[in-house]
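Trainee: I should like to study how the side chains in this protein are arranged. May we look at the structure and then go through some questions together?

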Amino acid sequence: MDSQSAKKMLIYMPALNEEASITQVIKGFPKTLSQLGEIEILVVDDGSSDQTASLARESGATVISHHENHGLGIAFQTAVAYALKNNADLMVSIDADGQFNPADIPGLIEPIFKGTAQMVTGNRFSDGMPKNMPRIKYWGNMQISRLISMISKHHFEDVSCGFRAYSRQALYHLNLFGRFSYTHEAILNLSFKGLPIMEYPIEVQYFQERKSRIASSIFKYGYNMGKIIFRTLLDYRPMFIFGYIGLACLLTALFFVGFMLIHYFITGAFTPYKAFGFIGLGFGIFGLLILFIGLVADMLNRIRLNQDKILYELNKNKQ
């Protein structure tokens with residue numbers, strides 16, 4: 001995207017009971033930028049029971065309200081649909097609690113204007129652990145960043161940050177299903193499709209008195225993130241899962257059968273390890289079955305990729 005084609009930016013915020021901060025956050029957004037002709041602010045009120053929606057409207061934002069809490073993933077999908085329908089050239093997502101500095105927006109979107117990235121995600125950890133961030137949360141972020149980096153084969157330091165910029169091309173390509181969150185699924189979804197993704201160092205402020213809603217329980221957070229990552233892998237890298245499981249089963253089968261055969265060659269009898277042969281046979285059959293399922297899933301993955309291409313064309317032709 002060059003500076004001439006980029007005319008409109010949508011700044012999107014998911015909000016759930018953020019009446020204490022929403023007005024101040026909206027006031028902090030840039031009103032104009034040299035590369036843009038229009039900046040629109042969208043608040044997706046995800047089931048708030050306070051004055052979040054009305055305060056956002058009074059501050060000049062467009063508000064879409066969900067009558068009940070659907071989760072960050074659904075709120076993000078709502079924002080993407082709105083951005084495409086209203087011809088946004090790029091979309092910036094940012095939290096509504098004042099944790100991030102809007103002054104970082106120009107730097108965040110610059111790689112998109114230069115054409116070096118289609119998605120830019122904020123990196124909170126370029127200088128290590130931020131002040132007041134719980135150590136267990138920092139450790140968890142590091143582990144999941146390593147996991148996503150390994151799966152995507154692209155190095156990331158921070159895959160969980162909600163402060164991001166997406167080009168229109170990235171929005172065309174996004175096809176997400178997670179309700180709980182979208183951050184990891186979006187990175188995997190776009191990286192599997194070959195779109196360039198960059199990180200940009202940002203400021204972040206953690207409030208000691210504020211408890212994270214999405215990561216309030218490290219175990220619940222890990223479980224929900226694990227489901228999203230696992231499902232995304234099944235969609236785009238089925239042999240990554242089924243291949244390793246099937247191979248592990250075949251190696252286990254080889255161990256049991258091999259041990260029994262070695263014992264037979266040494267002693268001339270299968271006893272007392274005859275059962276090892278049946279165990280090995282069971283693991284071998286199960287391993288071959290898993291590999292067969294992986295091949296079928298890989299075939300279905302090609303159908304999914306074709307569906308994504310159709311979705312991309314449909315989104316593009318709507319404009």
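Mentor: Please keep in mind that this is a predicted model. Let us begin with the aromatic residues. Ring pairs join Phe255, Phe256, Phe259, Tyr273, Phe276 and Phe283 into a cluster.

Trainee: How many aromatic pairs does a search of the whole structure find?

Mentor: A pair of aromatic rings is described by the distance of the centres and the angle of the planes. A search of the whole structure on this basis gives a total of 15 aromatic pairs.

Trainee: Is the pair of phenylalanine 256 and phenylalanine 276 stacked or edge-to-face?

Mentor: Planes under 30 degrees apart count as stacked and those over 60 as edge-to-face. The ring centres of phenylalanine 256 and phenylalanine 276 are 5.2 Å apart and their planes stand at 85°, so the pair is edge-to-face.

Trainee: Which helices hold phenylalanine 256 and phenylalanine 276, and how many residues apart in sequence are the parts that the pair ties together?

Mentor: Phenylalanine 256 belongs to helix H9 (residues 238-267). Phenylalanine 276 belongs to helix H10 (residues 274-317), so the pair ties together parts whose separation in sequence is 20 residues.

Trainee: Is the pair of phenylalanine 256 and phenylalanine 283 stacked or edge-to-face?

Mentor: Here the ring centres of phenylalanine 256 and phenylalanine 283 are 6.1 Å apart. Their planes are at 10°, so this pair is stacked.

Trainee: Does phenylalanine 256 count as buried or exposed?

Mentor: Buried means under 20% relative accessible area. Phenylalanine 256 has 17% relative accessibility, and therefore counts as buried.

Trainee: Which residues make the nonpolar surface patch of about 720 Å²?

Mentor: One of its members, phenylalanine 292, lies in helix H10 and is exposed, with a relative accessible area of 52%. The full patch is made by Phe286, Leu289, Phe292, Ile293, Val296, Met299, Leu300 and Ile303.

Trainee: Let us turn to the interior. Which element gives the most residues to the largest nonpolar core?

Mentor: This core has 39 residues, and those that touch the most other members are Met9, Met13, Ile26, Phe29, Val43, Ile109 and Phe163. Elements giving two or more residues include strand S1 (8-15), strand S2 (38-46) and helix H4 (105-114). With five residues, the element that gives the most is H4.

Trainee: Which residues are in contact with valine 43, leaving aside its neighbours within four places in sequence?

Mentor: Contact means heavy atoms within 4.5 Å. By that criterion, the partners of valine 43 beyond those neighbours are Met13, Ala15, Ile22, Ile26, Ala56, Ala61, Thr62, Val63 and Ile64.

Trainee: Which residues do salt bridges that share partners join into one network?

Mentor: The structure holds four salt bridges. In one of them, glutamate 40 in strand S2 meets lysine 8 at 2.9 Å, N to O, and both residues are buried. Aspartate 158 and arginine 124 form another, with their closest N and O atoms 2.7 Å apart. The network that salt bridges with shared partners create consists of Lys8, Glu38 and Glu40.

Trainee: How many residues apart in sequence are the parts tied together by arginine 168 and aspartate 89?

Mentor: These two residues form a salt bridge, with the closest N and O atoms 2.6 Å apart. Aspartate 89 is buried, with a relative accessible area of 7%. Arginine 168 lies in helix H6 (residues 168-173) and aspartate 89 in the loop between helix H3 (72-85) and S4, so the parts tied together have a sequence separation of 79 residues.

Note on methods
Residues are numbered from 1 along each chain as its sequence is written. This is a predicted model: local features need pLDDT of at least 70, side-chain atom pairs count only at pLDDT 80 or more; totals for chains, interfaces and linings use all residues. Side-chain values use heavy atoms; hydrogens and water are left out. A nonpolar core is a set of buried Ala, Val, Leu, Ile, Met, Phe, Trp, Tyr and Cys residues joined through side-chain atoms within 4.5 Å. Buried means under 20% relative accessible area, exposed over 50%, partly exposed in between (1.4 Å probe, protein chains only). Helices (H or I, at least four residues) and strands (E, at least two) are DSSP runs, numbered from the N terminus. Rings of Phe, Tyr and Trp (its six-membered ring) pair if their centres lie within 6.5 Å; planes under 30 degrees apart count as stacked, over 60 as edge-to-face and the rest as tilted. Patches are made of residues with over 30% relative accessible area and no salt bridge: like charges are joined within 9 Å, nonpolar side chains (Val, Leu, Ile, Met, Phe, Trp, Tyr) within 5 Å. Accessible areas come from the Shrake-Rupley method with a 1.4 Å probe; for residues, only the protein chains shown count as cover. A salt bridge is a side-chain nitrogen of Lys or Arg within 4 Å of a carboxyl oxygen of Asp or Glu.
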